[in-house]
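Here is a quick walk through a protein model for someone meeting it fresh. Have a look at the picture first, then read on.

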Amino acid sequence: MRKLSLKLKLTLLYTVFMALLTCAALAILFSLSSREVLSSAQSRLENRVQESVENITLRGGEIRIDSDFYSVERDIYLSLYDRDMYFLYGRLPHGFAGQPELSDGELRTIRDGNREWYVYDMSYRLSGDQTVYVRGITSVTDAEESFTVTVRFALIILPLMVLATAIIGYRFTCRTLAPVRRITDTVRKIRADADISRRIGIADTGGKERDEIYVLAGTFDDMLAELEEVFRREQRFTSDVSHELRTPVSVILAQCDAMLDNEELTEEQKIQISLIRRKAKGMADMISQLLFLSRADQGRQPLNREWIDLSELTEMAAEEQQMLADGEGRGIRVVNNITPDIWADADETFYIRMIVNLLSNAVRHSRENGTVEVTLEKRNGDVVGSVRDHGEGISAEALPHMWERFYRADSSRTDGSHSGLGLSMVKWIAEAHGGWVSAESKEGEGSVFTFCIPTGEYKSMPE
């Protein structure tokens, strides 16, 4: 039941309720109708016998019977007897073989074999000394069988009524919940493409549809409009601040370079200036990343796709990171397992940035004398790559948040030298190419970051 949709649940509830209500009504109706059928048969029998005496006359001492006395009306048979139970005139129903004693004014139920009969006798005085008895007979079994046919017909119609009820209920439920489906589709599209400019657009219906669901849709649209404005202000603020900070940071870096070239400074002063320069360089990198993500959020970061050799670019990035790792003196080795000649339609600059971010992140968090493994292969028409380190790993609580901007895990995963924007850029670059990126990690064992991008349409390789 939990796996059923709301439409099916409401339809089943409505159908079951209507079926139970219909069955209860039919049960009551059939119960009353059964008694009514038998009561009606008894009443007709008595009335027919009482009316039949008009067809009996005495002429010249001889009993005369009109032809109507012989007719069978509504399955009622009439017969005429004298006081000694001698049959005079009339008809007996087929199958009625018994001859019960006369009983004036009493309605009796007589069973004859497998059938039951209603028998009603009434005395009629023709003259002062001559009395006859009119007997009426009708079949109880035939009346019950007639009612049984009606019951069977009703039982045949009942499933059709239930089916019709289910169809009508489902269509009514679908129509009622159509706005909910539209709200759900809109939310899914927003989650898929992060476009909060989308709107449900069903609240303004000219006042014809203003139930609670439509009010909810209107409220949801208003909320989206407010969120869109908030995000726009945030994006403008991030972009403006990043632009404004670029100039002073560039000036700081230039002045630091100039001061480091001054031979009159002491060694201690050069160390302090180098520290300032290193921090300013980190600020410059952060500003560059913020500008990148800000343009990406605003849709102003296009991809310059071309047919490029990803294997070669990955090897170059790995060699560069090996050189930087050697400069740190921590004994970290970058091991390649790259399938050669993997070409794809991609943006060269963005791809290099994605690989460099993943590799630098892995080198940064590897243990001394550790190994960083880089793989690249083609799988089902896509390019799949991974970067694995054998460092301290990421906790299960922190792993789902690794793609968030400015997020930093525990102290084992950060030394304060990075901004927390690198993995956000990696995620955007992979998804901008139509692919995906994922992370797996265990504390104490290391982490592996995997990306996948489609190969794209084939283009002729450059000469």
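Let's begin with an open sheet of five strands, which pair antiparallel in the order β4-β3-β7-β6-β5. Keep in mind as you look that this is a predicted model. At the edges of this sheet sit β4 (87-90) and β5 (107-112), and each of them pairs on one side only. From one strand to the next, the twist averages 30°.

Inside that sheet, strand β6 (residues 115-127) and strand β7 (residues 130-139) run antiparallel, and 10 bridges join them. If you'd like one bridge to find on screen, try Y120, whose partner in β7 is G136. As a bit of background, strands of a sheet pair through backbone hydrogen bonds, either parallel or antiparallel.

Now for a residue from a helix. S43 belongs to helix α1 (residues 6-52). Is S43 buried or exposed? It falls in between: S43 is partly exposed, because its relative accessible area is 35%, and the partly exposed class covers values from 20% to 50%. S43 and L107 are 64 residues apart along the chain, yet 9.9 Å separates their C-alpha atoms.

Further along there is another open sheet of five strands, this one with mixed pairing and the order β9-β11-β12-β14-β13. Why do β9 (333-338) and β13 (436-442) each have one side without a neighbour in the sheet? They stand at the edges with a single partner strand each, so one side stays free of a neighbour. The twist in this sheet averages 15° from one strand to the next.

β9 pairs with strand β11 (residues 371-379) in the parallel sense, over six bridges. One bridge to look for links N336 to V374 in β11.

Two helices go with this sheet. α5 lies across β9, β11, β12 (382-389) and β14 (446-454), and runs at about 170° to β9. α6 packs on the sheet too, touching β9, β11, β12 and β14, with its direction at about 170° to that of β14.

The two helices also meet each other. The axes of helix α5 (residues 310-328) and helix α6 (residues 348-364) come within 10 Å and cross at roughly 35°. The crossing of α5 past α6 is right-handed. On the α5 side, the contact is made by L310, L313, T314, A317, A318, Q321, A325 and E328. On the α6 side, the residues are E348, Y351, I352, I355, V356, L359, S360 and V363. Sorted by class, this contact has 11 nonpolar, three polar and two charged residues.

Here are the two strand pairs from above, side by side.

| Strand pair | Sense | Bridges |
|---|---|---|
| β6 (residues 115-127) and β7 (residues 130-139) | antiparallel | 10 bridges |
| β9 and β11 (residues 371-379) | parallel | six bridges |

Let's zoom out to the whole protein. The protein has seven helices and 14 strands. Of its 463 residues, 36% count as buried. Take the contacts between residues at least 6 apart in sequence: 63% of them join residues at least 24 apart.

And how sure is the predictor? The mean pLDDT of the protein is 80, with 85% of its residues reaching 70 or more. Over residues 411-416, though, the pLDDT is below 50. That stretch has 16 contacts in the model beyond near neighbours in sequence.

Methods: Residues numbered from 1 in each chain as written. Predicted model: local features only at pLDDT ≥ 70, side-chain atom pairs only at ≥ 80, totals over all residues. Heavy atoms only, no water. Axes fitted to C-alpha atoms, helices over the stretch in contact; angles between N-to-C directions. Helix = DSSP H or I, 4+ residues; strand = E, 2+ residues; numbered from the N terminus. Left-handed = near helix turned anticlockwise from the far one by under 90°. Contact = heavy atoms within 4.5 Å. Nonpolar A, V, L, I, M, F, W, Y, C, P; charged D, E, K, R; others polar. Pairing = 2+ DSSP bridges. pLDDT = per-residue confidence, 0-100. Buried < 20%, exposed > 50% of the residue type's maximum accessible area, 1.4 Å probe, protein only.
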